[in-house]
Amino acid sequence: MALRWAPLVGLCCWLAAADRHPVFWNSSNPKFLADDYTVEVRLNDYLDIICPHYEEGSVTPHAMERYTLYLVEYEEYVACKPHSKEQIRWECNKPAALHGPERFSEKFQRFTPFTLGKEFKEGHSYYYISKPIHHHGDGCLKLKVTVAGKANDADVQVLRSVGQNSALRSSSPVTLLSLLLPLLVPQGL
């Protein structure tokens with residue numbers, strides 16, 4: 001009897017899963033060589049920043065890359081110059097950490113319960129830049145993150161076509177489950 005629900009539980013887990021987008025934040029990442037490194041995410045996805053890391057004795061401490069990362073507006077992204085320290089998002093400043101590389105994650109969500117959290121909107125782009133701590137050069141790594149919208153999704157078009165509210169909505173697994181449950185439960189229970 002319990003196995004009957006396994007496909008439905010699997011479907012719900014699959015629908016609730018968020019994608020993770022790893023970005024290795026260092027000057028040897030070839031994606032930073034072009035000036036248009038862009039990652040496309042959806043709401044509830046994660047951007048994972050993986051900081052530079054060096055095994056003990058492999059590089060002199062002075063040569064280890066360290067960065068301060070900023071979340072900035074488009075103009076500052078183009079100029080690669082933040083206007084304030086309040087825009088600091090993370091600091092990659094432990095390149096020889098024994099536990100491995102430092103990692104920072106940004107969840108792209110509409111609402112956040114944290115006072116210092118960032119709220120993101122579909123169809124918008126967000127910009128990350130960094131300044132090196134390990135030397136005083138002009139080396140700038142830049143990343144554009146675009147939050148994909150739902151304007152072309154079929155479920156939004158259906159909502160609009162039947163005259164309901166045209167506001168974009170995300171379908172949650174709980175909503176889907178509550179709609180499917182009456183169809184899956186035998187009538188005699």
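**View 1. Strand S1 has two faces: His-21 and Val-23 make up the covered one, while Arg-20, Pro-22 and Phe-24 make up the uncovered one.** What you're looking at is a predicted model, where local features need pLDDT of at least 70, side-chain atom pairs count only at pLDDT 80 or more, and totals for chains, interfaces and linings use all residues. Residues are numbered from 1 along each chain as its sequence is written, and side-chain values use heavy atoms, with hydrogens and water left out. A quick word on names: helices (H or I, at least four residues) and strands (E, at least two) are DSSP runs, numbered from the N terminus. S1 runs parallel to S3, and five bridges join the two. One of the residues to look for is Phe-24, whose bridge partner in S3 is Ile-50.

**View 2. Zooming out for a moment, the chain has four helices and eight strands.** Follow the sequence and you'll meet them in the pattern α-β-β-β-β-α-β-β-β-β-α-α. Of the 189 residues, 34% are buried; buried means under 20% relative accessible area, exposed means over 50%, and partly exposed is in between (1.4 Å probe, protein chains only). The chain exposes about 12400 Å², with carbon and sulfur atoms supplying 58% of that. These areas come from the Shrake-Rupley method with a 1.4 Å probe, and for residues only the protein chains shown count as cover. Among the contacts with a separation of 6 or more, 65% are between residues 24 or more positions apart, where contact means heavy atoms within 4.5 Å.

**View 3. S1, S3 and S6 form an open three-stranded sheet in the order S1-S3-S6, with mixed pairing.** Two strands pair if DSSP finds at least two bridges between them. In general, strands of a sheet pair through backbone hydrogen bonds, either parallel or antiparallel. At the edges stand S1 (20-24) and S6, each pairing on one side only. From one strand to the next, the twist averages 20°; for such angles, axes are lines fitted to C-alpha atoms (for helices, over the stretch in contact), and angles run from 0 to 180 degrees between N-to-C directions. S3 and S6 are antiparallel partners with five bridges, and Asp-48 has Ser-105 in S6 as its bridge partner.

**View 4. Five strands make another open sheet, in the order S2-S8-S7-S4-S5, again with mixed pairing.** S2 (38-41) and S5 (88-92) are the edge strands with a single partner each, so one side of each has no neighbour in the sheet. The twist here averages 20° from one strand to the next. S4 (residues 67-72) and S7 (residues 125-132) run antiparallel and are joined by six bridges. Try finding Tyr-67, which stands opposite Pro-132 in S7.

**View 5. The largest nonpolar core has 24 residues.** A nonpolar core is a set of buried Ala, Val, Leu, Ile, Met, Phe, Trp, Tyr and Cys residues joined through side-chain atoms within 4.5 Å. Those with the most contacts inside this one are Val-23, Trp-25, Leu-47, Ile-49, Phe-108, Tyr-128 and Leu-143. Two or more residues each come from S2, S3 (46-50), S4, S5, S7 and S8 (141-147), and S8 gives the most, with four. A second, separate core has six residues, including Val-72, Tyr-77, Cys-80 and Ile-129. Back at Ile-49, residues up to four places away in sequence aside, you'll find that it touches Val-23, Trp-25, Leu-69, Trp-90, Glu-102, Arg-103 and Phe-104.

**View 6. Pro-52 sits in the loop between S3 and S4.** Is Pro-52 buried or exposed? Its relative accessible area is 5%, so Pro-52 counts as buried. Leaving out residues up to four places away in sequence, Pro-52 touches Trp-25, Asn-26, Glu-65, Tyr-67, Cys-92 and Pro-95. Its C-alpha atom is 8.2 Å from that of Lys-94, though the two are 42 residues apart along the chain.

**View 7. Glu-122 and Ala-34 are two more loop residues to visit.** Glu-122 lies in the loop between S6 (103-107) and S7, and counts as buried because its relative accessibility is 15%. The Glu-122 side chain makes a polar contact of 2.8 Å with the side chain of Arg-110. A polar contact is a pair of N or O atoms within 3.5 Å; within protein, one must be able to donate a hydrogen and the other to accept it, and residues adjacent in sequence count only if both atoms are side-chain atoms. Ala-34, in the loop between S1 and S2, has a relative accessible area of 41%, so Ala-34 is partly exposed.
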